[in-house]
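Please walk me through this structure, with the cut-offs behind each term. Start at its largest cavity.

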Amino acid sequence: RERERELGDCCGWFLEFPPMEAEPEFERVLSFLGSIPILQQLPASSVKRLAEAVKFKYFGTGDYIVREGEAGEGIYFIWKGEVEVPPAEDADVAGLTMPSLKAGDYFGYASTGPVKEIHKADVLASTEVICLVLSHEHADLLSTNSIWCSEKDEGIAMVEKILHLESLEVDVFRAFTVPLSPSAGHVFGGQLLGQALAAASKSVDPSLLVHSLHSYFLRTGDVSLPLIYGVQRIRDGHSFAIRHVTAIQKGHTIFTMSASFQRAEQGFEHQKAMPLAPNPEKLLTREQLRESYRTDPRIPVSYRNKLLKNKVVLGPIDIRLCEPEDRVKPTAKEPRQKMWLRARGKLSDDQALHRCVAAYASDFQFIDTSLRPHRETAGFSTVTLSLDHAMWFHKAFRADEWLLFVVESPCASGARGLVQGQMYTQNGELVMSVAQEGVIRRFDKAKVKTKSNL
């Protein structure tokens, strides 16, 4: 008891006695658990609940932490010291190295059911050891239906489902193209951005949030196949962490991203003022604009009947263009536009999710801004493909509330267009800056020769 009291005075935590400064010590525990890779894949809310649920336990050198054949008290996260797993008595120990675990490692089993997993070997403290123990009664915190929310998945927004990842192992995730999600015959670029950022976010301490990303689109993705996202841990520091993500299909890398994460910090502030924009609630949705062409008297009835065959489906992002283009009678416009956007449905509260949703939404109609000065006549189409995409996140925001996306294209040349944009909240806070270069090619239908039926 006296040893535990002395230890508590040193580290601020021990089994029976409360910490002298509860809030700072809780943050230490939260930061420690957030550094453990297997826990980084959980919703941020679950990691916080884990930090509240774990109990500290002290072991002296040579003490048994668990014995072979026992269920143990749950999952043990090593806060300090080293433990070893000695070989069984009847094992041939010649040349055998005893497994050892150190601070940041974990072992054990946790289950809320009546049947508990039994340890297959003794685990001993080779030095003085402090463990954080997650008891069996809290085992449900380690399993959730979503990487974003620990609650049941009823009423989850469509974009949150699109950005859900399946963990195959630490730093390797699998994702899919959800039915009815946006695509143009290939995986939507925003989906790659959002899912890759989700994979990177699930490999860092939840206390760190992405502040910048830089990505390249290398190949088009197949919507019928799963996407594998691999994360490389480039650097882990107290204030910053860097991750590199690759998206793979059919054995080929189709997309790469480097993302930098930062722990919240106070500093100097200034921003560019938000321009004037109409009330988003008084603008038509992108789906309503599409519907309007079905009854537009300027369009021949025969073509309108073709439009009726294609059902207009509500997308995961509600987009309201401030100055929509007239696709029936196109005219050249300045290479700039403004649009309001927000996720359809209520999102989970995880700020990392909101940044992934913003990355997903930022690819909608973005590169199209570079084509606005060149839509002089009808009768031709364009081909656009994203080449690279960069984002800088300035402040926290909610992606299920209106964001004004102010976009301009300073240059187009060499069949490429450059676009830059800023996103503002409705109260005028600049929360993101975005840039992209993409392929923009004219496709003149009149010059396309009809293939022979022979």
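Strand β11 gives the largest share of the lining of the largest cavity, 3 residues. Here helices (H or I, at least four residues) and strands (E, at least two) are DSSP runs, numbered from the N terminus. The model is predicted: local features need pLDDT of at least 70, side-chain atom pairs count only at pLDDT 80 or more, and totals for chains, interfaces and linings use all residues. Residues are numbered from 1 along each chain as its sequence is written, and side-chain values use heavy atoms, with hydrogens and water left out.

The volume of this largest cavity is about 100 Å³. Its lining has 15 residues, and S201, K202, P206, D350 and A352 are the closest to its centre. Two elements, β11 and α9, give two or more residues to that lining. The whole structure has 3 cavities of 30 Å³ or more. A cavity is a set of points, on a 1 Å grid over the protein atoms alone, where a 1.4 Å probe fits but cannot get out; a pocket is an open set with protein on both sides within 12 Å along at least five of seven lines; lining residues have an atom within 4 Å of a point. Grid points are joined across faces, edges and corners, and a volume is the space filled by probe spheres set on the points.

Now the pockets. The second largest has a volume of about 1,300 Å³. It is lined by 39 residues, and L209, Q262, A264, R355 and A396 lie nearest its centre. The elements that give this lining two or more residues are α2 (22–34), α4 (44–53), β11 (208–217), β14 (252–263) and α9.

Next comes the packing. The largest nonpolar core has 67 residues, and L197, Y229 and I317 have the most contacts inside it. Helix α9 gives the largest share of this core, 8 residues. Apart from it lies another core of 21 residues, among them A53, I75, F77 and L134. A nonpolar core is a set of buried Ala, Val, Leu, Ile, Met, Phe, Trp, Tyr and Cys residues joined through side-chain atoms within 4.5 Å. Buried means under 20% relative accessible area, exposed over 50%, and partly exposed in between (1.4 Å probe, protein chains only).

The aromatic rings come next. The whole structure holds 9 aromatic pairs. In one of them, F188 and Y360 sit edge-to-face, 5.4 Å centre to centre with 85° between the planes. This pair links distant parts of the chain: F188 is in the loop between β10 and α6 (189–201), Y360 is in helix α9 (residues 351–361), and they are 172 residues apart. Both residues, F188 and Y360, are buried. The rings of Y360 and F364 have centres 5.7 Å apart and planes at 70°, so this pair is edge-to-face too. F364 is buried, as is Y360. Rings of Phe, Tyr and Trp (its six-membered ring) pair if their centres lie within 6.5 Å; planes under 30 degrees apart count as stacked, over 60 as edge-to-face and the rest as tilted. Elsewhere, F32, F56 and W79 form one aromatic cluster.

Which way do the side chains point along strand β10 (residues 172–175)? F173 and A175 point to one face and are buried, while V172 and R174 point to the other and are not. In a regular strand the side chains alternate between the two faces of the sheet. Strand β10 pairs with strand β9 (residues 166–169) in the antiparallel sense, over 3 bridges. Two strands pair if DSSP finds at least two bridges between them. E169 stands opposite V172. The hairpin of β9 and β10 has 2 residues between the strands, and D171 takes a positive phi near 70° there. Strand β10 also pairs with β12 (residues 227–236), antiparallel over 4 bridges. In that pairing R174 stands opposite I228.

Two other residues have a notable phi. K250 is not a glycine, yet its phi is positive, near 55°. K250 lies in the loop between β13 (240–249) and β14, and it counts as exposed at 63% relative accessibility. Q365, also not a glycine, has a positive phi of about 60°. Q365 lies in the loop between α9 and β17 (380–393), and it is buried, with a relative accessible area of 14%.
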